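Biologist: I'd like to learn how to read burial and strand pairing in a model. Could you walk me through it?
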Amino acid sequence: MNDDLSWMLDSALEIPGALHAVLISADGLLMARTQDFDKDDADRVAAAMSGVQSLSRSLAFFCEDAQMRWRQTLVEFDGGWVFLISAGEGAYLGVSASPDVDMADITFRMQQLVGQLGKALTTPPRENLGVRS
């Protein structure tokens, strides 16, 4: 985990109603988390969010264009929201929030975070290092 990025994720929590934030890789590894969020819970969330974004991407055809680029996923629960957006090549930013969060404010802050983190969010795809030719 990158503690240098955690302080940046904490800025998402300045929005009233925002609860936690995680930065994950496409393969479900935790890259960073807000300081108040337990690491074991953040690891579980990272793995689950990797699956969520994968499922979301597979639904592009439902909008009659299988070539569309996935941008975000929003999940609503009785007690709140989960927002998941692309944060560079192979990285995703997830934020949980209470039911009364201002959705425009939280998504705007998430977009700002992605812009601020820039290249630090880019995670290159894994290469198979165990196979030799």
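Modeller: Happy to! A residue is called buried when its relative accessible area is under 20%, and exposed when over 50%. Keep in mind that this is a predicted model.

Biologist: Then is Ser11 buried or exposed?

Modeller: Ser11 counts as buried, because its relative accessibility is 16%. This serine sits in the loop between helix H1 (3-9) and strand E1 (18-25).

Biologist: Which residues does Ser11 touch, leaving aside those up to four places away in sequence?

Modeller: With that sequence filter, the contacts of Ser11 are Arg109 and Leu113.

Biologist: Let's turn to strands. Why is strand E4 described as largely enclosed by the rest of the structure?

Modeller: The burial cut-off helps here too: a residue under 20% relative accessible area is buried. E4 spans residues 80-86, and five of its seven residues are buried, so the rest of the structure largely encloses this strand.

Biologist: How many bridges does E4 make with strand E3?

Modeller: Strands count as paired from at least two bridges. E3 (residues 72-77) and E4 are joined by six, in the antiparallel sense. For example, Thr73 has Leu84 in E4 as its bridge partner. The two strands form a hairpin, with two residues between them.

Biologist: And what about E4 and strand E5?

Modeller: E5 covers residues 91-97 and runs antiparallel to E4, with six bridges joining them. Here Ile85 stands opposite Leu93 in E5. E4 and E5 also form a hairpin, with four residues between them. Look at Gly88 in that turn: its phi is positive, about 105 degrees.

Conventions
Residues are numbered from 1 along each chain as its sequence is written. This is a predicted model: local features need pLDDT of at least 70, side-chain atom pairs count only at pLDDT 80 or more; totals for chains, interfaces and linings use all residues. Side-chain values use heavy atoms; hydrogens and water are left out. Buried means under 20% relative accessible area, exposed over 50%, partly exposed in between (1.4 Å probe, protein chains only). Contact means heavy atoms within 4.5 Å.
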